[in-house]
Amino acid sequence: RDEIERLEKELESAKTDNERLEELERELETVKKTIDELDAARNTAYTHLLSQFSTVFTYTDKGRATNIEIAARSISGMIVMPGEEFSFFDVVGECTVPKGYCESTIFYAGELARGIGGGICQVSTTLYNALLCANMEIVDRRAHTIPSDYVPVGLDATVDTRGIDFVWKNNTDMPAYIFAKVENVEYGETVDITAVCTPRIM
């Protein structure tokens, strides 16, 4: 994590050097990926799988793929204690360009439109289905006005910073861990996997 801070400072000072900027951005992504993998390995070493769910999307919209990756990274590694509620937007926050989010297709007023953060509902939906498989308590969840094509009708969970959140509660007596990742991004078809785990009984 110290390495991330160093690279981010170098990125700030290298804004006028495009070649160096691209090199630093690649290096930063590699370091972040390594840290994510180490964190996941450390956490899963002490947990057992409670539920898992996957959704698939085709890599035809780079902006949407980027948004999904950022949102998945935001929720991955979260720990929800017994009786605690998890708000998707408290964790993910507002989708803005400075945070890396891109413009993509969104649902607005019952119609397709373009907006920043399009695609993050696939992350909330995948998480929702993993939670259903784990029998977790769903506190606040709404479906899209237009059915999503990556889950059966009625199994989606839309989110919107203008007031639509996805909230669930850990109704077990043990902490719940959330792991999320996006795979095969470079090969045209990506799979978003979310797993809910509880501590392993040693």
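Colleague: What makes C95 count as buried?

Modeller: This is a predicted model, by the way. C95 comes out at 12% relative accessibility, and buried means under 20%, so C95 gets that label.

Colleague: And C121, why is that one called buried?

Modeller: Same cut-off, under 20%. C121 has a relative accessible area of 14%, so C121 is buried as well.

Colleague: How do you know that C95 isn't in a disulfide with C121?

Modeller: A disulfide is a covalent bond between the sulfur atoms of two cysteines. Here we ask for sulfurs within 2.5 Å. The closest cysteine sulfur to that of C95 belongs to C121, and it sits 8.8 Å away, so that's too far for a bond. Looking from C121, the nearest cysteine sulfur is that of C95, and C121 is in no disulfide.

Colleague: What does the disulfide count come to, then?

Modeller: Zero by this rule.

Colleague: On to the helices. Why are α3 and α5 called oblique?

Modeller: Helix α3 runs over residues 62–75 and helix α5 over residues 120–133, and they pack at about 45 degrees with their axes 7 Å apart. Roughly parallel needs an angle under 35 degrees, and roughly perpendicular takes 65 to 115. About 45 degrees fits neither, so the pair is oblique. The crossing is right-handed.

Colleague: Which residues make the contact?

Modeller: From α3 you have R64, N67, I68, A71, A72 and I75, and from α5 there are I120, Q122, V123 and L127.

Colleague: How does the contact of α3 with α5 break down by class?

Modeller: Seven residues are nonpolar, two polar and one charged. Arg counts as charged, so R64 falls in that class.

How values were computed:
Residues numbered from 1 in each chain as written. Predicted model: local features only at pLDDT ≥ 70, side-chain atom pairs only at ≥ 80, totals over all residues. Heavy atoms only, no water. Buried < 20%, exposed > 50% of the residue type's maximum accessible area, 1.4 Å probe, protein only. Axes fitted to C-alpha atoms, helices over the stretch in contact; angles between N-to-C directions. Helix = DSSP H or I, 4+ residues; strand = E, 2+ residues; numbered from the N terminus. Parallel < 35°, antiparallel > 145°, perpendicular 65-115°, else oblique. Left-handed = near helix turned anticlockwise from the far one by under 90°. Contact = heavy atoms within 4.5 Å.
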